[in-house]
Amino acid sequence: MSPILKNTRSKIGLLMILAILLTACGTKKRTTYAKRTEKQPNTSKPVTKTTSSTKEEEGLYPMPEDTGKFVKFPITSVQDYIDTFSEIAQFEMKAYGIPASITLAQGILESGSGRSKLALKTNNHFGIKCHKGWKGDYDFHDDDEKGECFRKYNHPMYSFRDHSIFLSSRSRYAFLFDYRKDDYKRWAKGLKQAGYATDRKYPQKLISFIEQYKLFEYDKQVLKEGYPAKRIPKTYNYTTHTVEKGDTLYSISRKYFVSVPDLMELNNMDSTTISIGQKLQVKSQKIKK
């Protein structure tokens, strides 16, 4: 058999195998996070390596393992962004009470659907600046002023979690949580009122994304699962955390879903300095299904 014929048959065979695989898998692709998955290359869509099943059982979104490597995401469009991050936005809604539609719309607007220069180099999808007390990684970017400090994350999902903590732990945003979780228009206007952005058209831009892409449907899905539309009194679990090597107050706050100021107040701390072996009292909100 000639080399050309042999090569042609090999290509045909490969195409037939690919066709069978595509038929078996279907054509619609959607990233899911709650299930255990194998570690993927840095250029893949986000996957979660779950270390504790109890977080899933409580309705809290498990974060992927931080390998120390910067994970990049090949987002190609607004719809691709929504398909990739809608599930985590819904889980953050369940845990923190921020409408998934608002989280997604802010992510689309602030990060250019994950494709802005800032998002690509920092995985910062919400334009959150360093602010006083930030102990994580950071980078500089021109925004309202030249060379401003922005938070940097190894994984975009850390940005989503930090966004939830940022809004839920600062007093100037507290009034937002008195709004119904399906009232995205009041949330959008409230974010501008609280000073999240300087753009006077910020609410209209969020609302436009929500209505154009029907992001409110993700809020409805969460509420249909029995999560309350209005705020309910918080109850907490209290436990003791022993500081280990590599721990920071921020990493501990992220682990227990509580703000750094709350941790410091709970433990009568005057600074964020902690030491290995130190016992810290921590509390985490009980999530009702």
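K146 is exposed in this predicted model, with a relative accessibility of 73%. Its side chain meets that of D142 in a salt bridge, with an N to O distance of 3.6 Å. D142 itself is partly exposed, at a relative accessible area of 45%. This pair therefore joins an exposed lysine to a partly exposed aspartate, and the contact counts as a salt bridge because 3.6 Å falls within the 4 Å cut-off.

The pair is one of nine salt bridges in the structure, and two others are worth a look alongside it. In one of them, R180 is joined to D182, and the closest N and O atoms lie 2.9 Å apart. Here R180 is partly exposed, its relative accessible area being 37%. D182 is likewise assigned to the partly exposed class, with 32% relative accessibility.

Another of the nine salt bridges links K205 with D199, where 2.5 Å separates the closest N and O atoms. For K205 the relative accessible area comes to 34%, so this lysine is partly exposed. Its partner D199 has a relative accessibility of 27% and is partly exposed too. D199 is not classed as buried, because that term is kept for values under 20% and this aspartate stands at 27%. The same reasoning holds for D182, whose 32% does not meet the requirement of being under 20%.

Methods:
Residues numbered from 1 in each chain as written. Predicted model: local features only at pLDDT ≥ 70, side-chain atom pairs only at ≥ 80, totals over all residues. Heavy atoms only, no water. Buried < 20%, exposed > 50% of the residue type's maximum accessible area, 1.4 Å probe, protein only.
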